[in-house]
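Student: Please choose one part of this model and take me through it slowly. I would like to see how a careful reader looks at a single place before moving on to what surrounds it.

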Amino acid sequence: MMAWIQLIVGGGLIVTGLLTMCVAVIGIYRFHYILNRMHAAAMLDSLGILFVILGLMVLSGFQFGTLKLALIIVFFWLAGPVSSHMISKLEVLINENLKEECEVPDDGSV
């Protein structure tokens, strides 16, 4: 009985993560401006990866591999926002038509 509960919970988390990532793909194609696309991709991909790896952790049970999966979550949650911020900062610095799309401070701070 416990194996069925583990399978249902783990499968549910994996399906939730995959659906979240599908919503991210729709957001990437739906938005027109690059910073909006990046926001949809960064936020929903981090959440989708969390759900998928949590599902894998539930399916694998408590073992050493579970710790490795937890470290993967930590890595993605630390690296994802930093890389998204750096790409956004690059877009703000090189896009000459950015003031037409959104507000940009005149003092050069990003």
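**A buried charge and the helices**

Tutor: Glu91 is buried, a word that stands for under 20% relative accessible area, found with a 1.4 Å probe on protein chains only, and yet Glu91 has no salt bridge, that is, no side-chain nitrogen of Lys or Arg within 4 Å of its carboxyl oxygens. The nearest side chain of opposite charge belongs to Arg37, and it is 10.0 Å away; in this count Lys and Arg are positive, Asp and Glu are negative, and His and the chain ends are left out. Please keep in mind that this is a predicted model, in which local features need pLDDT of at least 70, side-chain atom pairs count only at pLDDT 80 or more, and totals for chains, interfaces and linings use all residues. Residues are numbered from 1 along each chain as its sequence is written, and side-chain values use heavy atoms, without hydrogens or water.

Along the chain, Glu91 sits in helix H3, residues 64-94, where a helix is a DSSP run of H or I with at least four residues, numbered from the N terminus. Leaving aside residues up to four places away in sequence, Glu91 touches Ile34 and Leu35, with heavy atoms within 4.5 Å.

Helix H2, residues 34-60, is also what the buried residues of H1 pack against, and those residues are Gly10, Ile14, Gly17, Thr20, Ala24 and Gly27. H1 itself, residues 2-30, has 29 residues and reaches 42 Å from its first C-alpha to its last, close to the expected 42 Å, which is 1.5 Å times one less than the number of residues.

Methods:
Helices (H or I, at least four residues) and strands (E, at least two) are DSSP runs, numbered from the N terminus. Buried means under 20% relative accessible area, exposed over 50%, partly exposed in between (1.4 Å probe, protein chains only).
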